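Please open the structure in your viewer and keep the selection tool at hand. The tour below proceeds one selection at a time.

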Amino acid sequence: MSGTHEHDDDHGHHHKETFITKYIFSMDHKMIAKQYLITGLIMGFIGIAMSLLFRMQLAWPGESFPLFEAVLGKWAPGGVMDADVYLALVTMHGTIMVFFVLTAGLSGTFSNLLIPLQIGARDMASGLLNMISYWLFFTSAVIMVCSLFVESGPAAAGWTIYPPLSALPMAQSGSGAGMTLWLVSMAIFIASSLLGSLNYIVTVINLRTKGMSMTRLPLTTWALFVTAIIGVVSFPVLLSAALLLIMDRSFGTSFFLSDIFIQGEVLHYQGGSPVLYEHLFWFLGHPEVYIVILPAMGIVSDVMATNARKPIFGYRAMIMSIIAIAFLSTIVWGHHMFISGMNPFLGSVFTFTTLLIAIPSAVKAFNWITTIWKGNLQMNVSMLFSIGFVSTFITGGLTGIILGDSTLDINVHDTYFVVAHFHLVMGISALYGLLAGVYHWFPKMFGRMMNKNLGYVHFWITAICAYGVFFPMHFVGMAGVPRRYYENTAFPMFDELTDVNILITVFALIAGATQLVFVGNFIYSIFYGKKAEQNPWNATTLEWTTPVEHIHGNWPGAIPEVHRWAYDYSKTNENGEYVLPGQDFVPQVVPLQDGEEELTH
Amino acid sequence: MITVLTITVLVLIAIAIWQMTKIFELSQLRAAKNETATDNDNKVNGYLMFAFLVFIYGITIFSFYKYTKVLLPESASAHGAEYDSLMFVSMLIIFFVQTITQFLLHYFAYKYRGEKGKKALFYADNHKLEFIWTIIPVIVLAGLILWGLYTWTNIMDINDEDDPLVVELYAQQFNWTARYAGEDNVLGDANVRMIDIDNTNILGLDESDPNGADDIIVKELHLPVGRKVNFHMRSQDVLHSAYMPHFRAQMNCVPGMITQFSFTPIKTTAEMRQDPDVIDKVKRANKIRAAKAAAGEPNSDPWEYDYILLCNKICGKSHYNMQMKIIVETQEEYDKWIASQKTFGGEAATGVAIK
């Protein structure tokens, strides 16, 4: 199976590149990947900083911090955080982390970087669309950040922006200009995501090099490919929800609103339903969490196999479970709505489909564990984050059995139990996937290595703090504390939880500070890191056959042909010797050796 | 003071990080600067993986030891016992799986840490193994799904059998109102368009509907023990959620529609206050409150245990303080209380304002 490459071998001459075409309006996928990554990391910095602010409020409610006044200004008179800005902070934290960091920052970065390199293509199918996709993303990020500075405050209705709260400026100050900007930003973000996803899909289908069949693709590419498909299926639905909400807000329609009496007057809205919005939102919202986690799963699979010096266990089962998860992810959205007033029979259906999704997830977890069994584990930082990923994915995933069960959801719905669950299973896990990817492919992106010792420190403190923050949080939820409460002091029954909240916040502050180690390491290594070799991790996949110096078109000369799958690590002949003498891996470009058997995996 | 503390903590963290980096560096025996893992890195991090397993078990045990007491007391509703046992069994399964998988993951990471010259096992698949760990979750989950669905169907089957008490829970930013259906046990029609605050028709009752005349509107929810209650939820402005954690009950309140939930309270407030867990909980809370009172802080009055209705769907600025007291009492106490309330019709006639 091979794509046609119109400019296969004519890479002797190069267009003269200016600073602008090379670094800003670049159409080269490797540069766009870096742009995504750096934009994503900056957004991540903002999002995490917000979480530290509201964590401080939760641990020391009503306390005055000069920091609050410095950062929040009029929203923290006398250094005491205002209840409105608390809600704004949780809302913007969620929005930024889910969409701008873990969707664009993770899938945008690695789809752009890895898809062409791993399938053996000169670039994306359309470099222009790719560039437009990034700049739309950048625009939406700028608008979202600008919304933090509008006078009435940014959106504050929760990241799910359920109407009527998000639709009525009189219900909440954040539902004024801040919410308008939120919706505009998201609409642009969705356009960016669609352009990107379509490009990824076309590239994977059409531009694979000779010999690169679908069953020889590395799992990272598989995951990114399926992620793009889910994005194309579900993001347009969010766009429709956003557009309808814009109509309700600005043009007097009643898609989501009906029978509302607020501030002494009856509004004209008639006949709409907020539950309709919930359906539309979660039809994206649930697949979205898989859009976030699948790329991380793919990255972890490849990083683990490479560093365990072993093939990924059950390659085909891994592909099947990616596809199964992707399919099921589009029919489970109702588990966010068990008690929304939706017909209880639907609750039964969604419980069934939701618990089904545990099966492919379990298969993946067991396959990862088996992958490191009897390996020769190279504890590179990316490997540590991959193992950490499996650990948090299991811990967070298991409580999904509780939340996915409509009965049990009744009493833990919208409590801190949910917060703990999804932060472990998709927040922390996806961040680990992102970090594993950054540490692993940093040499490919910047031609230099990151400092491993700083990486080890980064990982171990982060790993401990992640559990320190989110494990005790389950208990807070099971004590009945609702999420999005500015403070819990109005309920004496929550008095004794102050201790837990302080513990959680201290862990969170340490974890936040530790990320600065990563930032420092990242920036320092870009300029002063040790120069990378071509294939520092001894990996088999195609991206490591390209030269360290980036060139337009990726490979000088012809695109390599692929002869085997991506996981021939520690493969031996019958006599027990490695297939390639003295080398425990066989790159995909190496033809089958004499007497070597290609297994049908 | 706090600022100084924070700065001190940050400086200490920075020093700790710097020191740890040094340790990692020194442990590398002056080997040539190499940014890929060496045998020594593998060893150190392998051991740390094992230590991390101990940490995970440790924090689990610590949390259970320290925080089990903060969990909700025994359920006060009839369906709650079933809920609690389903929760307990699910939790058992979760902790069983968690303990084993985390052990395998971290133990393998420790046991198979890399060494130069060691050969990994080329082990690409095993259909039997994969079948086993597909089929086990299938069976376990099938059991949980069936049990869960059976319980769910029972809980959500809201019907008029056993002469339920009909109560409307009415949500608005940022308080709750309850409306009893009165003598006829039928709620009068209502819509926010008929709200007339000047004439104390705060819930928008249809004054021409005779069913509404005997309705009773109150700000505190009283329920007779042992009698099924059918709740009808309404909201006048944004989404709210009526969350009654002690009864394992929750349902959203949606503007423009009426949602329903039903449960039977089985323990009076007085009985609940005698529950040993509750007594301990109140003692602990009051100790904290006494300390606060001594320091002259607000919100430090001694607490007496009560059931509570909370708002559990973000609804605006004072979402965190949208609550209503629930009192479960004997039939006699309830009858006495309800007799002392005024009906909607009576109020409309005399024009007495509702406090």
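**Strands of chain B**

Begin by selecting β6(B) together with strand β7 (residues 249-253) of chain B: the two pair in the antiparallel sense over 5 bridges. This is a predicted model. Display M244(B) next, whose bridge partner in β7(B) is A249(B). Then move to the hairpin that joins β6(B) and β7(B), where 4 residues lie between the strands. Within this hairpin, R248(B) adopts a positive phi near 50°.

Keep β6(B) selected and add strand β9 (residues 307-311) of chain B, which pairs with β6(B) in the antiparallel sense over 2 bridges. Here A242(B) has C311(B) as its bridge partner in β9(B).

Are the residues of β6(B), which spans residues 240-244, buried or exposed? Of its 5 residues, 5 are buried. Colour the two faces separately: H240(B), A242(B) and M244(B) lie on one side, S241(B) and Y243(B) on the other, and both faces are covered.

**The nonpolar core**

Select L169(B), whose contacts beyond four places in sequence include A242(B) of the strand just visited; W176(B), F231(B) and C253(B) are also among them. L169(B) and A296(A) have the most contacts inside the largest nonpolar core, a set of 290 residues. Helix α4 (residues 83-119) of chain A gives the most to this core, with 22 residues.

**A helix of chain A**

Finally, select helix α2 (residues 29-59) of chain A. Its 31 residues, at 1.5 Å a residue, should span 45 Å, and the end C-alpha atoms are 44 Å apart, which agrees. Because 22 of the 31 residues are buried, α2(A) is largely enclosed by the rest of the structure.

Note on methods
Residues are numbered from 1 along each chain as its sequence is written. Chains are lettered from A and ligands numbered from 1 in the order in which they are written. This is a predicted model: local features need pLDDT of at least 70, side-chain atom pairs count only at pLDDT 80 or more; totals for chains, interfaces and linings use all residues. A nonpolar core is a set of buried Ala, Val, Leu, Ile, Met, Phe, Trp, Tyr and Cys residues joined through C-beta atoms within 7 Å. A residue is buried if 20 or more other C-beta atoms lie within 10 Å of its own, exposed if 12 or fewer, and partly exposed in between; C-beta atoms are placed from the backbone. Two residues are in contact if their C-beta atoms, placed from the backbone, lie within 7 Å. The expected span of a helix is 1.5 Å times one less than its number of residues. Two strands pair if DSSP finds at least two bridges between them.
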